[in-house]
Amino acid sequence: MTEEKRILLERKKAMQDAKNKLKHIDGQGLEVLDIFEEDTKPALEEIISEYRATHFSSDIPANYKISADAPQEQIYAWIIEKFQLHEGKEYVLWERSPIWATIKINNVYKAVKSMWIHKHENFILVDMESKKVLEVGNDSRDEYNYLIDIHVTKGRKYITKYCLDRINNLKYIFLYKLVDDDGRLCIEICSSTAYPTSKQTIEQILKENGNHAIAQILQNSMEIVTNPLPIYRITFESYVGYNVRNESYTCADESETFISESNESDLIYGNKFRLYTKSKYLEYLHENTFADQIEDYFHYEICCENQIIDVASCDIPIIEEV
């Protein structure tokens with residue numbers, strides 16, 4: 001069986017499992033109208049991508065909380081009040097990744113009760129009209145209370161700014177993947193974690209070359225290991241050109257100028273993700289293309305530990321956590 005067929009079978013099984021489970025709450029104060037995968041609904045995908053990027057953190061306080069010892073009837077009433085649920089209105093219910101269901105609430109109290117039991121006291125709804133994510137449950141932030149988080153979508157510009165700030169605050173970044181999809185450039189980068197150099201690494205060096213001096217130095221050093229989570233995807237819908245250099249052979253050029261803030265995009269750039277107003281790469285493109293005769297373009301530079309990636313594009317990139 002090919003990998004593609006295996007993935008297809010797994011997705012079909014996940015869809016069928018979701019249908020079987022949702023039968024138990026269909027008619028219990030709500031009506032299940034549709035079951036689908038997240039990536040088939042671009043509007044939902046954009047809302048959820050922003051929510052995941054900004055709200056999956058222990059540093060963000062909940063909007064509301066109630067004691068986990070409160071009577072069930074009180075908890076249901078609390079959810080209804082804070083979510084501002086309405087009978088006759090449609091919502092999107094998270095079933096399991098990446099499966100969602102469109103539901104219509106016919107009886108608010110019964111619907112909340114059935115979702116609460118069905119999702120084991122933790123469920124997520126999306127109000128597509130107001131672009132709100134409504135989540136209730138219990139997590140590590142407060143084990144003694146049920147928490148409600150409400151996220152109002154602010155759009156791609158907001159999420160790009162948020163992720164860009166996080167990228168520039170990382171100590172090290174590594175290139176995870178680069179894909180050129182017929183003129184659409186997607187660059188994925190990840191962070192890293194530093195660990196004390198392992199005893200096995202030191203022993204391996206001694207075994208290979210017997211250099212005790214290097215081994216002694218490594219005993220007090222840190223080993224940088226790539227951490228695949230989180231991954232940040234930087235997407236350029238089009239580009240004039242891009243270039244990848246080995247960082248080991250790259251040197252700084254004082255004649256080049258990059259800025260920390262762009263009036264064009266209202267985004268804050270930094271040392272990891274740079275925006276150049278003057279560079280040798282811009283000069284090269286000016287000499288070897290006629291792109292600047294059509295429209296303005298910008299030189300972006302992503303400074304990874306092993307690669308330096310230069311991209312010239314007319315578009316402001318979309319940056320998101322995946």
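How many bridges join β9 to strand β10? In this predicted model, 12 bridges join β9 to β10, which spans residues 222-236, and the two strands run antiparallel. One of the residue pairs along this junction is S192 with its bridge partner T226 in β10.

**The open sheet**

Strands β9 and β10 belong to an open sheet of 4 strands, arranged in the order β8-β9-β10-β16 with antiparallel pairing. At the edges lie β8 and β16 (318-321), each of which pairs on one side only, and from one strand to the next the twist averages 25 degrees. The two junctions that involve β9 are set out below.

| Strands | Bridges | Direction | A bridge pair |
|---|---|---|---|
| β8 (residues 174-181) and β9 (residues 184-196) | 7 bridges | antiparallel | K177 and E188 |
| β9 and β10 (residues 222-236) | 12 bridges | antiparallel | S192 and T226 |

Strands β8 and β9 form a hairpin with 2 residues between them, and in this hairpin D182 takes a positive phi near 55 degrees.

**Nonpolar cores**

In soluble globular proteins, nonpolar side chains tend to be buried together. Here the largest nonpolar core holds 34 residues, of which I79, F83, L85, F123 and L125 touch the most other members. If neighbours within four places in sequence are left aside, the contacts of F83 are F123, L125, L134, E135, V136 and I148. Apart from this core lies another, of 21 residues, whose members include I189, I234, F273 and C304.

**Helix α8**

Helix α8 covers residues 280-288, and its residues Y281, L282 and L285 are buried. These three residues lie on the same side of α8, because the arc that they cover around the axis is only 100 degrees. The buried residues of the helix pack against four strands, namely β11 (241-246), β13 (273-278), β14 (298-303) and β15 (307-313).

**Cysteines**

The structure holds 0 disulfides. For C303, the closest cysteine sulfur is that of C304, and the separation of 7.8 Å is too far for a bond, given that a disulfide requires sulfur atoms within 2.5 Å. C304 is likewise in no disulfide, with the sulfur of C303 as its nearest cysteine sulfur. Both cysteines lie below the 20% limit for a buried residue: C303 counts as buried because its relative accessibility is 13%, while C304 is buried with a relative accessible area of 4%.

Notes: Residues numbered from 1 in each chain as written. Predicted model: local features only at pLDDT ≥ 70, side-chain atom pairs only at ≥ 80, totals over all residues. Heavy atoms only, no water. Buried < 20%, exposed > 50% of the residue type's maximum accessible area, 1.4 Å probe, protein only. Arc of directions from axis to C-beta. Contact = heavy atoms within 4.5 Å. Core = buried A, V, L, I, M, F, W, Y, C linked by side-chain atoms within 4.5 Å. Pairing = 2+ DSSP bridges. Axes fitted to C-alpha atoms, helices over the stretch in contact; angles between N-to-C directions.
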